[in-house]
Amino acid sequence: MRNPYDVLGVPKSASGAEIKSAFRRLAKKYHPDQSKEPRAKERFAEVGSAYEILGDEKKRGAFDRGEIDAEGKPRAPQFEGFGFGRQPGGGGGEARNFGFDFGPGGFAAGGSIDPDILSELFGGGRRSAGRARSQASRGEDVAVTVAAPLATVAHGGTIRVALPTGRTLDATIPAGIEEGKSIRLRGQGHAGPRGGPAGDVIVTIRYAPHPIFKVEGRDLRLDLPVTLYEAVLGGKVRVPTLGGEVEMSIAPGMSGGRVLRLRGKGMPAAADQPAGDLLATIRIVLPDRADAELTELMRKWRDHKPYDPRSA
């Protein structure tokens, strides 16, 4: 067995992280199920044995002090002048042998290499003494539905999401996202079993009710109150939109219930969806207080200029 530092290609001063990194690199390079390198099986076994020593602080210290050899066996005393060397297989009951089995499942060791490292490298698990070890697997996704304010949908922004687990996190909403579309927050779901990667959080967007606007596809609808004289005489009125108020013209003699369209003032464009329109329904509103002049005028209209808006 060669010096484990030489096998992993690291100096004696290497940190634990550097040793672990070297093992990962060489184990991937020489894994028998994947490598086409010559003598890959032997090299892989050698790399594993080296890491058995250097990957364990106590064993590494014992090796550096000369207490164990490259195979992890205690060194027999050396007596100069008497020709006594280390006996074959020496070390008595304290000696450890590290055997490697390259069965159908890939790598297996009789030592103590962290199974999470092997699972991470090869995904095929680790077999020890002929038993298959459990593999790390991806965690479950978490699905939630959130009601996003129309203002946030219109301009884009972030919204706080409460998960069933009690956690809260922020999700970024792109401007104009369609209702029912989902946003995926990667790695924010349930943790993976046995150290596997976490699942995702899938956020489905719904539109929160708005006090003025009603969403119909990409269009917005609203009721537009106008005075009696605006309806009769016409004029310009201010109309709310998601981007602020705009001015709209009312033609003279405008009847209640008429629908006026403001193009491009509905839900903003998103992806391959064009911007919607704003549909304003005229609602004629009388004064809050009774007005004697208006009452008298209406009596005259009734008596001298009657008309029936309900006729066919």
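How do the residues of the lining of the largest pocket divide into nonpolar, polar and charged? The lining has 16 nonpolar, five polar and three charged residues. Keep that split in mind for the last two views; everything shown here comes from a predicted model.

**View 1. Helices α2 and α3 run roughly antiparallel to each other.** Welcome to the first pair: helix α2 covers residues 16–30, and helix α3 covers residues 40–54. Their axes come within 9 Å and cross at roughly 165 degrees. Angles over 145 degrees count as roughly antiparallel, so that is the description α2 and α3 receive. The crossing of α2 past α3 is left-handed.

**View 2. A closer look at the residues where α2 meets α3.** On the α2 side, look for Ile-19, Lys-20, Phe-23, Leu-26, Ala-27 and Tyr-30. Facing them from α3 are Ala-40, Arg-43, Phe-44, Val-47, Gly-48, Tyr-51 and Leu-54. Sorted by class, this contact has ten nonpolar residues, one polar residue and two charged ones.

**View 3. Helices α3 and α4 are roughly perpendicular.** Here α3 appears again, now with helix α4, which spans residues 57–64. The two axes come within 6 Å and cross at roughly 90 degrees. Angles from 65 to 115 degrees count as roughly perpendicular, and α3 and α4 are therefore placed in that group. In α3, the contact is made by Glu-52, Ile-53 and Leu-54. Their partners in α4 are Lys-59, Arg-60 and Phe-63. Three residues of this contact are nonpolar and three are charged, with no polar ones.

**View 4. The largest pocket has a volume of about 690 Å³.** Its lining is made up of 24 residues. To find the middle of the pocket, start from Leu-228, Val-232, Leu-286, Met-298 and Tyr-307, the lining residues nearest its centre.

**View 5. Three elements give two or more residues each to the lining of the largest pocket.** They are α7 (228–233), β13 (278–285) and α8 (292–304). Which element gives the largest share of this lining? That is α8, with six residues. Returning to the opening question, the lining of the largest pocket holds 16 nonpolar residues alongside five polar and three charged ones.

Methods
Residues numbered from 1 in each chain as written. Predicted model: local features only at pLDDT ≥ 70, side-chain atom pairs only at ≥ 80, totals over all residues. Heavy atoms only, no water. Axes fitted to C-alpha atoms, helices over the stretch in contact; angles between N-to-C directions. Helix = DSSP H or I, 4+ residues; strand = E, 2+ residues; numbered from the N terminus. Parallel < 35°, antiparallel > 145°, perpendicular 65-115°, else oblique. Contact = heavy atoms within 4.5 Å. Nonpolar A, V, L, I, M, F, W, Y, C, P; charged D, E, K, R; others polar. Left-handed = near helix turned anticlockwise from the far one by under 90°. 1 Å grid on protein atoms, 1.4 Å probe; cavity = no way out; pocket = protein on both sides within 12 Å on 5 of 7 lines; lining within 4 Å. Points joined across faces, edges and corners; volume = space filled by probe spheres on them.
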